[in-house]
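Work through the following exercises with the sequence and the coordinates open beside you, and try each task before reading its solution.

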Amino acid sequence: MALDNVQAVDLAQLPVPQLNQLRSQFEEEQQMLTQSLSQLKGVQSRFVESQESVLKLSKKKVGKDILVPLTSSMYVPGQLADNEKVLIDIGTGYHVKMSVDDAKGYFERITEYITKKMEVVQKNLIEKDKLRQVTTEILQLKIQAQQQQQSAQQQ
């Protein structure tokens with residue numbers, strides 16, 4: 001396995017350029033994780049919104065005039081033909097006809113799954129931030145030590 005070859009590195013033993021590079025790497029990873037977390041939050045909110053829409057639709061009367069979305073910005077008038085079955089986009093162009101209760105369960109499961117993924121990303125983000133902070137502190141101490149050494153040599 002890849003983890004078998006992982007060894008702990010004493011950050012205090014690394015030279016300043018390597019510490020700078022390591023800190024930059026942690027910052028880049030933090031940015032990537034922050035973007036991932038933001039995207040997951042957006043996806044989660046869309047699923048919650050979809051679940052709410054399904055529940056609202058199920059309370060409407062059959063035959064009621066509605067606007068049917070053709071695209072995100074274009075709608076056509078229509079009438080509600082069935083308030084007990086809905087067509088759900090499950091990804092990559094696939095749609096499934098479900099009862100309102102099944103759709104509600106689907107959205108709850110997918111929202112729970114996304115929430116768990118968000119927790120993992122958040123945990124990784126916190127860990128990267130701690131590593132970046134430790135690296136920055138050690139880097140600052142090394143730079144101060146170098147400056148003091150140079151000052152002592154000049155006197």
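**Exercise 1: surface and overall dimensions**

The accessible surface of the protein amounts to about 12000 Å², and 52% of that belongs to carbon and sulfur atoms, where areas come from the Shrake-Rupley method with a 1.4 Å probe and, for residues, only the protein chains shown count as cover. This is a predicted model, in which local features need pLDDT of at least 70 and side-chain atom pairs count only at pLDDT 80 or more, while totals for chains, interfaces and linings use all residues. Residues are numbered from 1 along each chain as its sequence is written, and side-chain values use heavy atoms, with hydrogens and water left out.

Task: set the radius of gyration of the protein against that of a compact globule of 155 residues.

Solution. The rule for a globule is 2.2 Å times the number of residues to the power 0.38, with the radius taken over C-alpha atoms. For 155 residues a compact globule would have a value near 15 Å, whereas the protein has 27 Å. Next, consider the principal axes, along which the C-alpha trace spans about 90 × 35 × 25 Å.

**Exercise 2: the core**

Task: find which elements give two or more residues to the largest nonpolar core.

Solution. Such a core is a set of buried (under 20% relative accessible area) Ala, Val, Leu, Ile, Met, Phe, Trp, Tyr and Cys residues joined through side-chain atoms within 4.5 Å. The largest one has 15 residues, and V54 and A103 are among those with the most contacts inside it. Its contributors of two or more residues are helix 1 (16-58), strand 3 (85-91) and helix 2 (100-154), these elements being DSSP runs numbered from the N terminus (helices H or I, at least four residues; strands E, at least two). Helix 2 supplies the largest share, eight residues.

Notes. Buried means under 20% relative accessible area, exposed over 50%, partly exposed in between (1.4 Å probe, protein chains only).
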